[in-house]
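Colleague: Please take a close look at the largest nonpolar core and at the pockets. Which residues and elements make them up?

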Amino acid sequence: MLALVGPVEPLDVVLHDAAGCVLAADVVAPGDVPGVAVADCDGYALVAAGDPGRRRGRHSATTTSSTLPVVADVSPGPDESPRLVAGQCVRVGSGAPLPPGADAVVPAEETDRGLVEVVIPREVTAGQHVRPAGHHVAAGTVVLPAGTRLGARQLGVAAAAGCSRLTVHPSPRVVVVAVGDELVEPGTHAAPGQVHESNRYALVAAVRDAGATGVQVPIVGDDRAALRESIEDQLVRADVMVITAGLSEASHDTVKDVLPLLGDVRIDRVAMAPGGRFGLGMLHGTGRHVPVLALPGDPVAALVVFEVLVRPALRTMAGQGEIYRSSVAARVSAGWSSPAGLRQFVPATVVGDPETGYAATVLGDPDRPALADVARADVLVVVPEADQDVVADRLLQCLVLG
């Protein structure tokens, strides 16, 4: 599946549209940020070297006071400031450029806040309370390397560097389709034999959590023509299509019949539980080729298969560097029998820490986990295919869900 998909074609977007995307090219700072030395606080800018004003000051054994004339008032902005010489100072606001010649700032709260002349109560060190040019970003440096996911902090530094557009891997658009005559929308009455459709809501949220954009479409019944029409209609806006249900060998299930007509698609049985049948391939639309991933209709199986198989593919398409969930080793609190030849994924909660170790408590029946169990779980305990008897206190890997 990972060989079938790849990062979505890079796109040049405006800055505010880049949130959540992954950079496809390095961001290099065209200039220093800030471009000149600026005051780090409200106060008085002066020439620290030599501090000739001390000749006019009052001295003691522990402090040295200086009284300096205030020759100007400078606020943040492009206004030009007079060149300072030793023995003078200028009032500055936080973020204001230092006047030419100045090399230090004395915070206003450490002075008498004079307007014509000001008392500087102690010796001043060059560079104090000054942000030098290039403090935030130095010209020519790589501010953000390709592969970086763009959040608040990353967009902030890109904007500060003067970038109005970024080249990114856009979030893949994932169209989620649920199939079945028995499905009805939540909030409507479910007659006997009908169920409220939940997979689209769960999978669209899982798609967003994976770093992609989920698109939910109306339920499609078990009609081959209607399913084909719905899929063909969505190909124009989908980067990948996820279809849930309709994969069984029963005559009324239509996904297994329709998908092969629309592209190169294979339907297989996957050696995992929960899981079972899974579809994978490429749909051929008008001038477009769209990957399709077909999941079981059982809500628990659909969520587990998404986590194990689909999520890595979507993160690959989004250009993410880390495509797999992290895992921890935990000792299970109780034993159970695992199906032979299948890799089993069992919902559980985990407590502990890296020093003392982790303990996993299985939720519900490992052979038939309920949707409520999956909702409470923070890990999936992974039982290898060769293991049939899991004993209490066995150390197993756990896929961390959140």
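Modeller: In this predicted model, the largest nonpolar core has 32 residues, and those that touch the most other members are Val 174, Leu 295, Phe 306, Val 310 and Leu 314. Two or more residues each come from strand 13 (173-178), helix 2 (199-209), strand 17 (240-244), strand 20 (276-284), strand 21 (289-295), helix 5 (299-317) and strand 26 (379-383). Helix 5 makes the largest contribution, 9 residues. Phe 306, leaving aside neighbours within four places in sequence, is in contact with Leu 203, Ala 206, Val 207, Leu 295, Arg 311, Pro 312 and Leu 314. Another core, of 22 residues, lies apart from the largest one and includes Val 175, Val 220, Val 258 and Val 290.

Now the pockets. The largest has a volume of about 310 Å³. It is lined by 16 residues, of which Val 308, Leu 309, Arg 343, Phe 345 and Leu 399 are closest to its centre. Helix 5 gives the most to this lining, 5 residues, and strand 24 (343-353) supplies at least two. By class, the lining of the largest pocket holds 11 nonpolar and 5 charged residues, with no polar ones.

The second largest pocket encloses about 260 Å³. Among its 15 lining residues, Leu 303, Glu 307, Arg 325, Val 374 and Leu 401 are closest to the centre. Here helix 2 gives the most, with 4 residues, while helix 5 and helix 6 (371-376) each supply at least two. The lining of this second pocket divides into 10 nonpolar, 1 polar and 4 charged residues.

Key
Residues are numbered from 1 along each chain as its sequence is written. This is a predicted model: local features need pLDDT of at least 70, side-chain atom pairs count only at pLDDT 80 or more; totals for chains, interfaces and linings use all residues. Side-chain values use heavy atoms; hydrogens and water are left out. A nonpolar core is a set of buried Ala, Val, Leu, Ile, Met, Phe, Trp, Tyr and Cys residues joined through side-chain atoms within 4.5 Å. Buried means under 20% relative accessible area, exposed over 50%, partly exposed in between (1.4 Å probe, protein chains only). Contact means heavy atoms within 4.5 Å. On a 1 Å grid over the protein atoms alone, a cavity is a set of points where a 1.4 Å probe fits but cannot get out, and a pocket is an open set with protein on both sides within 12 Å along at least five of seven lines; lining residues have an atom within 4 Å of a point. Grid points are joined across faces, edges and corners, and a volume is the space filled by probe spheres set on the points. Ala, Val, Leu, Ile, Met, Phe, Trp, Tyr, Cys and Pro count as nonpolar, Asp, Glu, Lys and Arg as charged, and the others, Gly among them, as polar.
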